[in-house]
Amino acid sequence: MASIFSRIVTGEIPSAKVYEDEHTLAFMDINPASRGHTLIICKEEYPGLLDVPPRLVEAVARTTQRVARAIMTTLQPDGLNIVQNNGAAAGQVVFHYHIHIVPRWKGDQVSPFSRQGKADPQELQELATMIGNNMH
Ligand code: 5GP
């Protein structure tokens with residue numbers, strides 16, 4: 001069965017999309033660790049880093065860097081956590097290769113592995129549009 005992220009790629013499940021190209025898609029995490037928490041996925045479905053062809057690792061890394069820059073411009077955080085979980089023991093829940101960008105502010109007490117509960121879809125869409133508009 002297709003992963004939840006594959007169903008986001010096809011549009012079967014809605015998402016707040018930031019950016020899309022041939023191989024990668026970036027969208028807001030529905031259950032963010034901090035404001036602006038964004039996921040970058042490889043459109044083709046592979047469980048984790050160890051399974052992805054190198055050319056797609058590179059494509060995801062390039063998109064991650066571009067989205068990270070756009071988040072810095074848009075939200076002006078003091079830092080970013082880039083997180084990528086492999087295996088249930090490491091906290092992976094969706095077995096479709098993805099990278100998390102978690103914006104951080106000084107003294108925010110956020111753990112990039114914690115979640116703040118479901119975000120407001122309209123707010124996620126506004127963030128996605130703002131970040132997407134700053135993509136270069
Ligand atoms: P993992 O723990 O597998 O590295 O992270 C999976 C992430 O996907 C979690 O942060 C979770 O909040 C997010 N997530 C799970 N289901 C959905 C969904 O349907 N839509 C969006 N936008 N994010 C999701």
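**Exercises on a Predicted Protein–Ligand Model**

In this predicted model, the ligand is surrounded by 17 residues, of which the closest are Asp29, Gly91, Val93, His98 and His100.

**Exercise 1.** Determine how the residues of the shell around the ligand divide by chemical character, and which element gives the most to this shell.

*Solution.* Begin with character: the shell holds 9 nonpolar residues, 6 polar residues and 2 charged residues. Next, locate the ligand, which sits in the largest pocket. The elements that give two or more residues to the shell are α1 (4–10), β2 (24–28) and β5 (98–104). Finally, rank the contributions: α1 gives the most, with 3 residues.

**Exercise 2.** Identify the distances that link backbone atoms of Ile30, Gly91 and Val94 to the ligand, and state what share of the ligand's accessible area the protein covers.

*Solution.* Take the nitrogen atom of the ligand: a backbone N or O atom of Ile30 lies 3.4 Å from it. Then turn to oxygen. A polar backbone atom of Gly91 is 2.8 Å from an oxygen atom of the ligand, and a backbone N or O atom of Val94 lies 2.9 Å from an oxygen atom of the ligand. As a last step, consider the cover: on its own the ligand has 520 Å² of accessible area, and the protein covers 88% of this area.

**Exercise 3.** Describe the secondary structure of the protein chain and test its radius of gyration against that of a compact globule.

*Solution.* First, list the elements: the protein chain has 3 helices and 5 strands. Read from the N terminus on, their order is α-β-β-β-α-β-β-α. Secondly, consider the dimensions: the C-alpha atoms fill a box of roughly 40 × 35 × 25 Å along the principal axes. Thirdly, apply the test. A compact globule with 136 residues would have a radius of gyration near 14 Å; the protein chain has 14 Å, and therefore agrees with that expectation.

Technical notes: Residues are numbered from 1 along each chain as its sequence is written. This is a predicted model: local features need pLDDT of at least 70, side-chain atom pairs count only at pLDDT 80 or more; totals for chains, interfaces and linings use all residues. Side-chain values use heavy atoms; hydrogens and water are left out. A residue is near a molecule or strand if one of its heavy atoms lies within 4 Å of it. A polar contact is a pair of N or O atoms within 3.5 Å; within protein, one must be able to donate a hydrogen and the other to accept it, and residues adjacent in sequence count only if both atoms are side-chain atoms. Accessible areas come from the Shrake-Rupley method with a 1.4 Å probe; for residues, only the protein chains shown count as cover. On a 1 Å grid over the protein atoms alone, a cavity is a set of points where a 1.4 Å probe fits but cannot get out, and a pocket is an open set with protein on both sides within 12 Å along at least five of seven lines; lining residues have an atom within 4 Å of a point. A molecule sits in a cavity or pocket if more than half of its atoms lie within 2 Å of its grid points. Helices (H or I, at least four residues) and strands (E, at least two) are DSSP runs, numbered from the N terminus. Ala, Val, Leu, Ile, Met, Phe, Trp, Tyr, Cys and Pro count as nonpolar, Asp, Glu, Lys and Arg as charged, and the others, Gly among them, as polar. The radius of gyration is taken over C-alpha atoms; the globule rule is 2.2 Å times the number of residues to the power 0.38.
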